[in-house]
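Colleague: I'd like to walk through the charges and the burial in this one before I set anything up. Can we take it question by question?

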Amino acid sequence: MIRVVTLDSFDEKQLAKLCQTLYTAFGVGSEHSGQVEVPAGMSEPLDAEKLLSDIKGVRAYEDDKVLFITSRKLKERELGGGKGPTTGYALYNKDRAIISTHGYKDLEASFKPVARNALQQIGHLWGLHHCLDPRCSMYPPWTPSFAQGEPTFCTFCREKSEQKLRLAKS
């Protein structure tokens, strides 16, 4: 199950659309599982890694994946070539990820890039790496074409995610 947990208020219809997109992409249940508070003492920009380790109050089973969504800015990350913006972060091969809609008017107006980001972060939770196909949601998000693409996987990444899901169920 993919549990979508909000840190801020979002339109319920758009959250339902996002959950449907996640279900279509991964073939496992996806639902909005409520809203939680950002831990006390954290200010914007939010440190995604610290936030994922400190956040409490999320009810989930051992094999669930939890995707947090915030409208707040996430702290830039150190990359090999300098600092880079962070629109999402996942604990690779673990159970928690976060995406941000910061910089977008609302979830409806920015649905495609936000949904692609969600697919990518959840893909990382199941151990998927970045992909070379620019049409795939696992394509690197810092590229100019990422935001224009559809929230889908290429054949290779879809098959890899299905393999990972089958292994997780057994």
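Modeller: Sure, and a definition to start: a salt bridge here is a side-chain nitrogen of Lys or Arg within 4 Å of a carboxyl oxygen of Asp or Glu. This is a predicted model, so local features need pLDDT of at least 70 and side-chain atom pairs count only at pLDDT 80 or more, while totals for chains, interfaces and linings use all residues. Residues are numbered from 1 along each chain as its sequence is written, and side-chain values use heavy atoms, with hydrogens and water left out.

Colleague: How many salt bridges does the structure hold?

Modeller: One of them pairs R72 with D8, and another pairs K50 with D54. The total for the structure is seven.

Colleague: How many residues apart are R72 and D8?

Modeller: Their side chains meet in a salt bridge at 2.7 Å, N to O. The pair links distant parts of the chain, with R72 in the loop between β3 and β4 (74–79) and D8 in the loop between β1 and α1. Helices (H or I, at least four residues) and strands (E, at least two) are DSSP runs, numbered from the N terminus. The separation of R72 and D8 is 64 residues.

Colleague: Is D8 buried or exposed?

Modeller: Buried means under 20% relative accessible area, exposed over 50%, and partly exposed in between (1.4 Å probe, protein chains only). Its partner R72 has 25%, so R72 is partly exposed. D8 has a relative accessible area of 10%, so D8 counts as buried.

Colleague: Which helix do K50 and D54 both lie in?

Modeller: Their side chains meet at 2.6 Å, N to O. K50 is partly exposed at 44%, and D54 is partly exposed too, at 27%. They sit four residues apart, about one turn of the helix, and that helix is α2 (residues 48–54).

Colleague: Which residue forms a salt bridge with E78?

Modeller: The closest N and O atoms of this pair are 3.8 Å apart. E78 is exposed, with 60% relative accessibility. The partner is exposed at 59%, and its name is K83.

Colleague: Which residues are joined into one network by salt bridges that share partners?

Modeller: One member is R3, which lies in strand β1 and is buried at 11%. Contact means heavy atoms within 4.5 Å, and leaving aside neighbours within four places in sequence, R3 has contacts including Y61, K65 and V66. The network consists of R3, E31 and D64.

Colleague: What is the relative accessibility of T70?

Modeller: T70 is found in strand β3 (residues 65–70). Beyond its neighbours within four places in sequence, T70 touches L7, D8, F10, L46, I98, I99, S100, T101 and H102. T70 counts as buried, and the value is 0%.

Colleague: What separates the C-alpha atoms of L167 and L22?

Modeller: L167 belongs to helix α4 (residues 155–169) and is exposed, at 63% relative accessible area. L22 is 145 residues away along the chain, and the C-alpha separation is 19 Å.

Colleague: And where is D11?

Modeller: D11 is partly exposed, with a relative accessible area of 44%. Its place is the loop between β1 (2–6) and α1 (12–26).
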